[in-house]
Amino acid sequence: MPDQLIYAMEVSLNGLMAGVMYALVALGFVLIFKASGIFNFAQGVMALFAAMTLVGIQTGQVPFAHLINAVFGTQIHHFGWQIHSIVAIILTVGVMIALAWAVQRFIFQHLVGQEPIILFMATIGLAYLLEGVADLMWNSEIKKLDVCLADGTCLPQGINLAIDEATFNLFGYGFFVDNLDITATIIAIILVAALVAFSQYTKQGRAMRAVADDHQAALSVGVSLNYIWILVWSVAGFVALVAGIMWGAKSGVQFSLSLIALKALPVLMLGGFTSIPGAIVGGLIIGVGEKLFEFFMSSSDLAGALFGFTMNATENWFAYVLALIFLVFRPQGLFGEKIIERV
Amino acid sequence: MWCRFKRRWRRSDDGTTLGFAFAPPTIPFVPAGLEDFRNKEGLDLMLDQTEGYVTADGRQIGPVVMEMKNITLRFGGVEAIKDISFDIREGEIRAIIGPNGAGKSSMLNVISGFYVPQEGQVFYKGQPRPQMKPYEVARQGIARTFQNIALFEGMSVLDNVMTGRLTHMKTGMLAQALWLGKAEAEETANREVAEKIIDFLEIQAIRKTPVSRLPYGLKKRVELARALVAEPSLLLLDEPMAGMNVEEKEDMSRFILDVNDEFGTTIALIEHDMGVVMDLSDRVVVMDYGKKIGDGTPDEVRGNQDVIDAYLGVAHD
Ligand SMILES: Nc1ncnc2c1ncn2[C@@H]1O[C@H](COP(=O)(O)OP(=O)(O)O)[C@@H](O)[C@H]1O
Ligand SMILES: [Mg+2]
């Protein structure tokens with residue numbers, strides 16, 4: 001097998017793993033969009049906020065320490081304790097539920113029935129508000145995120161030796177696949193399966209689907225829209241936490257994390273705004289596509305030989321251009337409902 | 001065809017015509033708003049008595065379930081409902097009729113909590129009802145259908161019907177997540193009720209079909225199934241037969257009568273087709289331009305000059 005093909009396979013595999021992350025963020029978008037018609041620009045910031053809160057709680061940081069110290073002239077920064085990962089995750093879930101409640105109570109409850117563009121603007125405001133609050137609460141320095149279980153096993157990092165060995169035996173070249181990516185993929189699969197089970201088999205899941213389908217009909221069968229919206233924002237907050245943990249463990253918890261939200265946009269264009277399978281497949285396509293394209297365009301043997309030039313950093317724009325092409329030829333995305341304008 | 005409507009059969013044996021007649025009134029006109037009305041024999045039926053009354057076809061009607069008192073509803077300058085009072089008794093089929101734009105749907109929306117009237121009071125089961133959200137009204141046991149069909153288009157017929165059981169699902173989120181015994185038993189029980197209603201309304205063949213693929217007439221039936229499966233104490237139907245062909249209308253009429261007969265469900269329905277209303281209902285409220293212009297048995301209402309004028313389009317002064 002030619003070397004280039006083998007490298008391309010490795011690149012695709014890693015692209016698949018990166019795609020899982022995009023899919024997770026896109027999933028949060030789809031959940032909220034389906035249930036309330038709100039395009040939540042703040043989904044990425046929610047992932048950042050969740051990850052920062054998790055680290056803050058884990059390491060015993062005093063929330064709003066800078067503010068408190070500035071006002072009272074104190075010098076407190078840490079409680080002086082470490083909290084166990086599992087406990088910290090549970091507490092963070094609590095914070096995300098409280099956030100969901102606050103978002104509904106103080107913002108969207110007042111905007112019921114408004115134009116989608118107004119709701120969208122509100123989420124942009126929310127995104128920057130949340131970024132500011134996250135900064136104020138936990139300060140903006142880059143933090144290391146380690147999630148460990150009770151027996152001391154942490155999220156695994158580094159090369160997966162089994163894949164390395166298997167591919168070496170097969171191709172004479174060992175693939176580099178990060179253990180963290182594999183874990184992220186497994187957790188994402190479990191998360192999606194759990195979400196599907198929740199929406200299919202529980203009362204709350206049924207009510208969620210009902211609200212996503214028709215508000216008026218949902219009301220008539222006794223579903224409180226307000227409750228479901230808080231629930232959906234909570235679930236989206238939980239998904240954001242999972243994405244935040246994975247991303248944070250990989251590249252540290254930092255403000256650039258909120259930028260992954262932007263990558264979720266082309267994912268949604270591809271997958272459709274209302275489709276959960278679409279979010280997943282779209283995420284994977286973008287993940288693989290941008291890695292392969294980068295590999296191809298930056299290689300002097302491939303693009304260089306073919307076009308006489310090479311390009312770098314195509315990952316910055318590839319996803320958006322792909323989405324643009326999709327928009328022109330299939331505006332509803334791969335799985336989205338066909339948009340039919342009634343005349 | 002006639003015998004398909006049990007009650008039409010029974011009612012027609014007194015020889016009266018059943019469609020809306022433009023015949024001269026046979027009974028004295030009963031002014032709107034008066035709380036008494038007369039039955040065919042001219043006997044007083046005291047509406048405030050709690051025991052109820054017996055219908056012409058021999059069904060026992062119970063006490064007042066829902067009472068609307070001096071309801072006024074405005075949309076900006078438009079008065080959709082003007083100071084209307086009427087009641088709905090247990091076990092009866094109560095119709096609201098009137099020309100387009102009369103305020104019938106608005107009235108149903110007030111009962112089901114979708115609209116909040118500016119004036120007036122709603123009494124439910126003898127208690128004054130505080131202002132309620134539509135979902136709270138639904139949880140009190142009032143189910144409804146919509147004039148323009150509000151189904152969950154993305155779900156199958158069975159899933160749609162199952163959402164009608166939401167108010168009966170009690171098990172907590174955690175128990176359901178872990179699929180504990182109680183959760184499973186509850187799901188099974190709810191499924192049984194749903195299947196029973198699906199059989200009853202003869203929609204077994206389309207159980208798994210996505211609702212979006214159904215023709216209009218069947219959608220209306222699925223919507224009825226979803227409302228019915230909640231085992232409501234009051235069922236509100238907004239033009240259940242609108243847009244149907246004759247055969248579909250007859251089927252739907254039969255189902256409405258059967259529901260009332262078999263489950264004893266109290267039904268308030270809006271209908272445009274006077275003939276159908278006259279056959280189905282025990283008592284009729286007639287609305288025109290937001291006002292109540294008649295209230296009584298079908299025969300009484302049919303003879304009411306104001307009602308005849310409204311339906312013939314006599315100019316208002
Ligand atoms: N949501 C609404 N906003 C404004 N006006 C309304 C609304 N609903 C009903 N109306 C007005 O109230 C009047 C009665 O309407 P409706 O109750 O739908 O009549 P019907 O069902 O008897 O045909 C109409 O003039 C209608 O335009
Ligand atoms: Mg109407």
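**Reading contacts, burial and ligand shells**

Trainee: Leaving aside its neighbours within four places in sequence, which residues is A:Asn40 in contact with?

Mentor: Reading contacts means looking for partners that are not close by along the chain. Beyond four places in sequence, A:Asn40 is in contact with A:Phe29, A:Ile32, A:Met46, A:Thr123, A:Leu126 and A:Trp233. Please keep in mind that this is a predicted model.

Trainee: Where does A:Asn40 lie in chain A?

Mentor: It is in the loop between helix H1 (3-36) and helix H2 (43-58) of chain A. The side chain of A:Asn40 has a polar atom 3.0 Å from the backbone nitrogen of A:Ala42.

Trainee: Is A:Asn40 buried or exposed?

Mentor: For that, look at the relative accessible area: under 20% means buried. A:Asn40 has 0%, so it is buried.

Trainee: Let's move to chain B. How many helices and strands does its secondary structure come to?

Mentor: Chain B has eleven helices and 14 strands. Of its 317 residues, 55% count as buried. Among its contacts with a separation of 6 or more, 68% join residues 24 or more positions apart.

Trainee: What single residue could show me such a contact?

Mentor: Try B:Ala268, which sits in strand S12 (residues 266-270) of chain B. Its C-alpha atom is 4.6 Å from that of B:Arg94, although the two are 174 residues apart along the chain. Besides B:Arg94, the contacts of B:Ala268 beyond four places in sequence include B:Ile88, B:Leu108 and B:Leu234. B:Ala268 is buried because its relative accessibility, 1%, is under the 20% cut-off.

Trainee: And where is B:Ser112 found?

Mentor: B:Ser112 is in the loop between H2 and strand S8 (119-124) of chain B. A loop residue can be checked for burial in the usual way: B:Ser112 counts as buried, at 3% relative accessibility. Leaving aside neighbours within four places, B:Ser112 is in contact with B:Pro134, B:Val137, B:Arg144 and B:Leu236.

Trainee: Now for the ligands. Which residues are around ligand 1?

Mentor: To read a shell, list its residues, then sort them by kind and by element. Around ligand 1 you find B:Phe75, B:Val78, B:Ala80, B:Pro99, B:Asn100, B:Gly101, B:Ala102, B:Gly103, B:Lys104, B:Ser105, B:Ser106 and B:Tyr115. They divide into six nonpolar, five polar and one charged.

Trainee: Which backbone atoms lie by the oxygen atoms of ligand 1?

Mentor: Follow the chain from B:Gly101, where a backbone N or O atom lies 2.8 Å from an oxygen atom of ligand 1. For B:Ala102 the corresponding distance is 3.1 Å, and a polar backbone atom of B:Gly103 is 2.9 Å from a ligand oxygen. On its own, ligand 1 has 560 Å² of accessible area, and the protein covers 63% of that. Strand S6 (78-89) and helix H2 (104-111) of chain B are the elements that give two or more residues to the shell. The largest share, three residues, comes from H2(B).

Trainee: What are the protein donors of the magnesium ion?

Mentor: At a metal, note each donor atom and then its place in the chain. Here the donors are B:Ser105 (OG) and B:Gln147 (OE1), at 2.0 to 2.1 Å from the ion, ligand 2. They are 42 residues apart: B:Ser105 is in helix H2 of chain B, and B:Gln147 is in the loop between strand S10 (142-144) and helix H4 (157-163). B:Gln147 counts as partly exposed, with 27% relative accessibility.

Technical notes:
Residues are numbered from 1 along each chain as its sequence is written. Chains are lettered from A and ligands numbered from 1 in the order in which they are written. This is a predicted model: local features need pLDDT of at least 70, side-chain atom pairs count only at pLDDT 80 or more; totals for chains, interfaces and linings use all residues. Side-chain values use heavy atoms; hydrogens and water are left out. A residue is near a molecule or strand if one of its heavy atoms lies within 4 Å of it. A polar contact is a pair of N or O atoms within 3.5 Å; within protein, one must be able to donate a hydrogen and the other to accept it, and residues adjacent in sequence count only if both atoms are side-chain atoms. Accessible areas come from the Shrake-Rupley method with a 1.4 Å probe; for residues, only the protein chains shown count as cover. Helices (H or I, at least four residues) and strands (E, at least two) are DSSP runs, numbered from the N terminus. Ala, Val, Leu, Ile, Met, Phe, Trp, Tyr, Cys and Pro count as nonpolar, Asp, Glu, Lys and Arg as charged, and the others, Gly among them, as polar. Donors are N, O and S atoms within 2.8 Å of the metal (3.2 Å for Na, K and Ca); water is not among the atoms, so sites may look incomplete. Buried means under 20% relative accessible area, exposed over 50%, partly exposed in between (1.4 Å probe, protein chains only). Contact means heavy atoms within 4.5 Å.
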